[in-house]
Amino acid sequence: MKFSKLDLGNLVAVGHSDGYLGLLIDRGDEFELVEVPAPIEAYEGLQHVNSLVNTNALPAASEPLKMLPVQSTMATLIGYDCNDRILQVEFSSGSVYQYVDVEPETWEALQETDSLGRFYNNNIKGQYDCQRMDYIDCDYSEEECC
């Protein structure tokens, strides 16, 4: 078996529809959706590899997070649990990620930034352990959680 080193650090999400594998790639200031012909087994294989590689289980928030709608091409909703210090981001692709041990100051700065995507790339992505959440029970409202 021949191995090739992979760096998938900019791959944000994968999906499959109508015989195409969709790859959401973070290009810095924007996201790009690339579609390549592939059977559903390719998607299932990537999901399986992700479960093998991503073994860091993060604590889930004890209460459903209050999610705030945001004006951004990167994300649609953000939320924060003050007690557990968990930041949750719902990306425009529909995928939801939680980031652990996020300082309250980072949450405050995220809410006040002019560019959510730029702030995320510079201050959150790669700075905190994260986990993709397949199902989240959230209270979508405009109330602040802290």
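1. A starting point for your reading: of the 146 residues in the chain, 33% are buried. Please keep in mind that this is a predicted model. The chain exposes about 9400 Å², and carbon and sulfur atoms supply 48% of that area. Among contacts between residues at least 6 apart in sequence, 47% join residues at least 24 apart.

2. On the overall layout, the chain holds three helices and nine strands. Following the sequence, you will meet them in the pattern β-β-β-α-β-β-β-β-α-α-β-β. I take the N-terminal sheet before turning to strand 7 and its surroundings.

3. The order 1-2-3 describes an open sheet of three strands with antiparallel pairing. Strand 1 (11–17) and strand 3 (31–37) are at the edges with a single partner strand each, so one side of each has no neighbour in the sheet. From one strand to the next, the twist averages 20°.

4. Have a look at the first hairpin too. Strand 1 and strand 2 (residues 20–26) run antiparallel and are joined by six bridges. Within this pairing, Leu11 stands opposite Ile25, and Ala13 stands opposite Leu24. Two residues separate the strands of this hairpin, and Asp18 in the turn has a positive phi of about 50°. Helix 1 (residues 40–53) lies across strand 1 and strand 2, and runs at about 145° to strand 1.

5. Strand 7 deserves your attention. How many residues of strand 7 (residues 96–100) are buried? The count is five of the five, so the strand is largely enclosed by the rest of the structure. In a regular strand, side chains alternate between the two faces of the sheet. Here both faces are covered: Val96, Gln98 and Val100 are buried on one side, and Tyr97 and Tyr99 are buried on the other. Gln98 is worth a glance in the viewer, as one of the buried residues of this strand.

6. Next, the strands that pair with strand 7. Strand 6 (residues 86–91) pairs with strand 7 in the antiparallel sense over five bridges, and Val89 stands opposite Tyr97. The hairpin of these two strands has four residues between them, among which Gly94 takes a positive phi near 100°. Strand 8 (residues 130–133) also runs antiparallel to strand 7, joined by four bridges. In that pairing, Cys130 is the bridge partner of Tyr99.

7. Now the interior. In soluble globular proteins, nonpolar side chains tend to be buried together. The largest nonpolar core in this model has 18 residues, and Leu87, Val89, Tyr99, Leu110 and Ile124 touch the most other members. Strand 5 (75–81), strand 6, strand 7, helix 2 (104–112) and helix 3 (116–123) each give two or more residues to this core. A second, separate core has five residues, including Val14, Leu21, Leu23 and Ile25.

8. Which residues does Tyr99 touch, leaving aside those up to four places away in sequence? Its contacts are Arg85, Ile86, Leu87, Val89, Phe91, Tyr120, Ile124, Tyr128, Asp129 and Cys130. Two of the names there, Leu87 and Val89, are listed with Tyr99 among the core members that touch the most others.

9. Finally, the aromatic rings. Five aromatic pairs turn up in a search of the whole structure. Tyr80 and Trp107 form a stacked pair, at 5.4 Å centre to centre with 10° between the planes. Tyr80 belongs to strand 5 and Trp107 to helix 2, so the pair ties together parts that are 27 residues apart in sequence. Both of these residues, Tyr80 and Trp107, are buried.

10. Phe91 and Tyr97 form an edge-to-face pair, with 5.7 Å between centres and 80° between the planes. Phe91 counts as buried because its relative accessibility is 2%, and Tyr97 is buried with a relative accessible area of 14%; the cut-off for buried is under 20%. Ring pairs link Phe31, Phe91, Tyr97, Tyr99 and Tyr120 into a cluster. When you inspect this cluster, recall that Tyr97 and Tyr99 are buried on one side of strand 7.

Key
Residues numbered from 1 in each chain as written. Predicted model: local features only at pLDDT ≥ 70, side-chain atom pairs only at ≥ 80, totals over all residues. Heavy atoms only, no water. Buried < 20%, exposed > 50% of the residue type's maximum accessible area, 1.4 Å probe, protein only. Pairing = 2+ DSSP bridges. Core = buried A, V, L, I, M, F, W, Y, C linked by side-chain atoms within 4.5 Å. Contact = heavy atoms within 4.5 Å. Phe/Tyr/Trp six-rings, centres within 6.5 Å; stacked < 30°, edge-to-face > 60°. Areas by Shrake-Rupley, 256 points an atom, 1.4 Å probe, with all protein chains shown as cover. Axes fitted to C-alpha atoms, helices over the stretch in contact; angles between N-to-C directions.
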